[in-house]
Amino acid sequence: MGGRYSVLTPVGLLPIALAGFDILQLLQGARDMQKFVAENPKYEQNPILQYALVRNLLYESGLKVELLASFEPQLFYFIEWFKQLFGESEGKEHKGIFPAGAIFSTDLHSLGQYIQEGTRQMFETVLAIDAVHHRVNIPEDAENLDNLNYLQHRTIHEINQIARKGTCLAHVDGQVPNLCITVPEINEYHLGELIYFFEMSCAVSGYMLGVNPFDQPGVEAYKKNMFRLLGKPGVK
């Protein structure tokens with residue numbers, strides 16, 4: 001089994017446990033997602049089939065890049081894992097959706113212009129978070145030096161949610177199809193659900209594409225060249 005699928009195995013769980021996270025809740029979330037999709041095998045109720053099918057239909061329509069984006073910086077490394085998961089699983093036989101990632105609003109200042117008006121080759125999947133653990137209110141400035149007092153008493157999370165909705169509307173107007181996956185909150189249980197969701201979606205999507213989503217023959221090419229250039233014994 002490729003390393004990209006190993007998050008919920010002992011090799012993935014050990015460092016997560018050592019970092020102080022609750023791996024039992026992580027596994028429970030994955031089990032519950034597994035049970036849910038097993039009990040709902042039809043497309044209408046199965047989010048894994050829905051996501052895999054829609055992304056393949058978009059691919060067949062000419063959209064070759066999927067941008068996974070979130071307004072939550074905590075999901076940065078989750079998005080990095082997504083890129084490996086889908087890149088190694090689907091990029092074969094000159095096929096596959098190129099997986100890209102972004103954390104907004106930071107990347108809106110660097111990639112936003114291209115997303116809005118560049119080559120029409122991508123669709124966007126947005127990870128939205130319903131609730132946060134900490135509430136931070138915007139204070140009032142008596143002198144209103146920055147003219148931002150209209151934001152007073154709103155929370156950072158509320159502003160993030162509004163920014164997400166405004167961004168998605170703009171991108172759809174710019175002919176970038178948007179999918180939205182909503183997570184109740186960021187914790188071990190819901191991340192377990194999300195990990196299982198993406199792993200199974202990746203497998204189903206790969207088979208829809210007509211490739212084996214569990215091997216990675218392409219990465220062996222650069223490894224062989226590297227070992228040969230380094231003079232590793234037995235490598236020619």
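**Exercise 1. Work out how H2 and H7 cross and pack in this predicted model.**

Let's start with the handedness: the crossing of H2 over H7 is right-handed.

Next, who touches whom? H2 brings Gln25, Leu26, Gln28, Gly29, Ala30, Asp32, Met33, Gln34 and Val37. From H7 come Glu188, Tyr189, Leu191, Gly192, Glu193, Ile195, Tyr196 and Phe197.

Now sort that contact by class: you get 9 nonpolar, 5 polar and 3 charged residues.

Then the geometry. Two packed helices are described by the angle between their axes and the distance between those axes. Here H2 (residues 23-39) and H7 (residues 188-209) meet at about 45°, and their axes lie 6 Å apart. Because of that angle, H2 counts as oblique to H7.

**Exercise 2. Find the largest nonpolar core and say which elements build it.**

First, the headline: this core holds 39 residues, and Phe78, Leu127 and Phe198 have the most contacts inside it.

Second, list the elements giving two or more residues: H2, H3 (47-60), H4 (76-90), S3 (122-129), S4 (178-183) and H7.

Third, pick out the top contributor: H7 gives the largest share, 7 residues.

**Exercise 3. Which residues does phenylalanine 78 contact, leaving aside its neighbours within four places in sequence?**

Skip those sequence neighbours and you're left with Leu127, Leu191, Leu194, Ile195 and Phe198. Two of these names, Leu127 and Phe198, came up in the previous exercise, among the residues with the most contacts inside the core.

One last step: look for a separate core. There is a second one, of 10 residues, with Leu67, Ala102, Ile115 and Val176 among them.

How values were computed: Residues are numbered from 1 along each chain as its sequence is written. This is a predicted model: local features need pLDDT of at least 70, side-chain atom pairs count only at pLDDT 80 or more; totals for chains, interfaces and linings use all residues. Side-chain values use heavy atoms; hydrogens and water are left out. Axes are lines fitted to C-alpha atoms, for helices over the stretch in contact, and angles run from 0 to 180 degrees between N-to-C directions. Helices (H or I, at least four residues) and strands (E, at least two) are DSSP runs, numbered from the N terminus. Angles under 35 degrees count as roughly parallel, over 145 as roughly antiparallel, 65 to 115 as roughly perpendicular and the rest as oblique. A crossing is left-handed if the near helix is turned anticlockwise from the far one by less than a right angle, and right-handed if clockwise. Contact means heavy atoms within 4.5 Å. Ala, Val, Leu, Ile, Met, Phe, Trp, Tyr, Cys and Pro count as nonpolar, Asp, Glu, Lys and Arg as charged, and the others, Gly among them, as polar. A nonpolar core is a set of buried Ala, Val, Leu, Ile, Met, Phe, Trp, Tyr and Cys residues joined through side-chain atoms within 4.5 Å. Buried means under 20% relative accessible area, exposed over 50%, partly exposed in between (1.4 Å probe, protein chains only).
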